[in-house]
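Student: I'm new to this one, and I'd like a close look at a single part: the place where the two chains meet. Could you walk me through it slowly?

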Amino acid sequence: MKRILVAIKRVVDYNVRVRVKPDGSGVALDGVKWSINPFDEIALEEALRIKERGGAEEVVVVTFGPADCQAQLRTALAMGADRALHVETGEIIEPLVAARLLLKLVEREAPLLVLLGKQAIDDDNNQTGQMLAALWNRPQATFASKLELNDTSARVAREVDAGTEILDVELPAVVTTDLRLNEPRYVKLPEIMKAKKKPLATLKPDELGVTLTKRVKLLKTEAPSTRQKGIKVATAAELVTALKQRGVLA
Amino acid sequence: MSRILIVAEHANGKLSHATARCVRCASQLPQPEITIAVFATDGAVALEAAKIEGVAKVLNISAPAHAHALAATLAPPLAEIARAGYTHVFGPSTTFGKDLMPRVAALLDVPQLSDIMAVESERRFRRPVYAGNAIITVEVDEPLIVATVRVASFQTAGATAAAAPVEVVTPSAVLPTHTRFVEVSAPGGDRPDLQSAARVISGGRALGSAENFQLLYKLADKLGAAVGASRAAVDSGFAPNDLQVGQTGKIIAPELYIAIGISGAIQHLTGIKDARTIVAINKDSEAPIFEIADIGLVGDLFKVLPELEALL
């Protein structure tokens, strides 16, 4: 079966302004709204569009995390994913461990494409897709802004610092998504009801034969330093004077 | 002693400034011995890298397959070189380094640190998370530490007349052929590079249209500045996406940053907060951009811009 595996992460919602806890132990997460990582939502949307165009037969969505993550998996099912896999753990999953878990699922599911966001908006690591591609020994196309799937290869436009780069990658491959790839659909109520009946399988990391190692030690979390309050000017002429005073303009 | 391997970023036969910024970061490790690996089709860029101050040695890996930087092609030989006794492997936190370094780390079976902005010790670093709304201090207890360096946090290392020796190496790693470069299109033209420019002028949604966005270029020409855009301006189609400044676009640290008609979403502020001087021109006096601006001007940009242009 032509299958696309989409990895999603549950993160603090994009619109929440996170606050650092005064004791430096992390950010305050009590009562915050959780959502699918926006880049992963774009990955899922792209997978669904490929399926709707006939380029794939099944979209499987997976996440790693505590039981609460099933809410995000249900949202993904409501968007249109066919089934969901939940690898349940309360541990923090580092990118290399996430890549290992994904590799095991890739071996089970044999997808032609693994789609995931370029980074999660909480830890901002931007690593998991590339690490999976390395462990799987398959091509990677990161920061995708356009994706065309052919029988044995994919043409991917990537948003790179220099502009847009086009790559051809043989399938199967890992593609990580950037913001401008698509705009994810809104979920409608009937879809949410239907999603409750879609299959969601739960499994444990050790069933996949992966040990959850923690190799990066978090010592401290701080608020970023703030800039000193600036001055206000009323006219363009005053602005030029102020810039000259600061030595920015000659 | 720290033995640091830095992978050079270059394009069109020229070394990127990002490489010298990685050197500056690496030089803050205890007793640094810095080696730069240059993957290219010839030795020209390696000679350029050898002139960065603080570099002990340059490794030149020449092959036709390295005509374009492909992570899948670069990772196996880079991992092979890294195994030869290095303590750190650094790459810039640009799209080049972000693409490559995790692939290298996975091949080496070690975690990777993203976006390091400060060196605390040999194994301890600081990096931003939550789009820069929090800074974490992390420690890695590994014989080999792989990281990307947040280039905006480090000045470029200087140049030296006494060039470091260049050694030609030929790793034995088999290069995969499953990934092919087709083309890269750079709509920027011959303007200063946004990422490395000393002065940047950015426009936001308040410019209202792609035509109005062109007004910025006249001012940019007067100042010798690069042009950037907020995500709102890019999403509205006023500017191409490679101009986007912010956490999800380019993170920059110019001497002068002028934000015109940009309200200052958190993700935009994260991308500019290391700029030396921030100027904001906006008609909304409550706009968040004024909270971080060194010089703020509350006014109509369509009136202020021509005035400013006439004064420069």
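Tutor: Let's start with a pair of strands from two chains: E12(A) and strand E10 (residues 134-140) of chain B pair in the antiparallel sense over six bridges. Keep in mind that this is a predicted model. To find one rung of that ladder, look for Lys220(A), whose bridge partner in E10(B) is Thr137(B). Now widen the view to the whole sheet. It is an open one of four strands, antiparallel in its pairing, and the order runs E12(A)-E10(B)-E9(B)-E8(B). At its edges stand E12 of chain A and strand E8 (118-119) of chain B; each has a single partner strand, so one side of each is left without a neighbour in the sheet. As background, strands of a sheet pair through backbone hydrogen bonds, either parallel or antiparallel.

There's another strand pair across the chains. E9(A) pairs with strand E13 (residues 179-185) of chain B, again antiparallel and with six bridges. Here you can pick out Thr164(A), which has Ser185(B) as its bridge partner in E13(B).

So how many residues does each chain bring to the contact? Chain A brings 60 residues and chain B brings 63 residues. On the chain A side, the elements giving two or more residues include helix H3 (95-109), helix H4 (128-136), strand E9 (163-170), strand E12 (216-222) and helix H6 (236-245). E9(A) gives the most to that side, with eight residues. Sorted by class, the side of chain A that touches chain B has 32 nonpolar, 10 polar and 18 charged residues.

Next, zoom in on H6(A). Its buried residues are Ala236(A), Leu239(A), Ala242(A) and Leu243(A). Why do they share a side of H6(A)? They cover an arc of only 120° around the axis, which puts them on the same side of the helix. Over on the other side of H6(A), Lys244(A) and Gln245(A) are exposed. What do the buried residues pack against? Their partners are E13 of chain A, together with strand E17 (277-282), strand E18 (295-298) and helix H10 (301-311) of chain B. After H6(A) comes Gly247(A), with a positive phi near 75°.

Let's follow the nonpolar residues further. The largest nonpolar core has 196 residues, and among those with the most contacts inside it are Val6(A), Val61(A), Ile6(B) and Val104(B). H3(A) supplies the largest share of this core, nine residues. Domain 1 (2-168) and domain 2 (199-311) of chain B both give residues to the core, so it lies between them. In general, nonpolar side chains tend to be buried together in soluble globular proteins. For a sample of the packing, take Val6(A): leaving aside its neighbours within four places in sequence, its contacts include Ala43(A), Leu44(A), Val61(A) and Leu116(A).

Those two domains of chain B deserve a glance too. Their centres, taken over C-alpha atoms, are separated by 31 Å. Six residues of domain 1 of chain B are in contact with eight residues of domain 2 of chain B. On the domain 1 side, those residues divide into two nonpolar, three polar and one charged.

One last stop is Leu85(A), in strand E5 (residues 83-88) of chain A. Leu85(A) counts as buried because it has 21 C-beta neighbours inside 10 Å. Between the C-alpha atoms of Leu85(A) and Gly247(A) there are 58 Å.

Methods:
Residues are numbered from 1 along each chain as its sequence is written. Chains are lettered from A and ligands numbered from 1 in the order in which they are written. This is a predicted model: local features need pLDDT of at least 70, side-chain atom pairs count only at pLDDT 80 or more; totals for chains, interfaces and linings use all residues. Two residues are in contact if their C-beta atoms, placed from the backbone, lie within 7 Å. Ala, Val, Leu, Ile, Met, Phe, Trp, Tyr, Cys and Pro count as nonpolar, Asp, Glu, Lys and Arg as charged, and the others, Gly among them, as polar. Two strands pair if DSSP finds at least two bridges between them. A residue is buried if 20 or more other C-beta atoms lie within 10 Å of its own, exposed if 12 or fewer, and partly exposed in between; C-beta atoms are placed from the backbone. The arc is that of the directions from the helix axis to the C-beta atoms. Domain bounds come from an automatic or database domain assignment. A nonpolar core is a set of buried Ala, Val, Leu, Ile, Met, Phe, Trp, Tyr and Cys residues joined through C-beta atoms within 7 Å.
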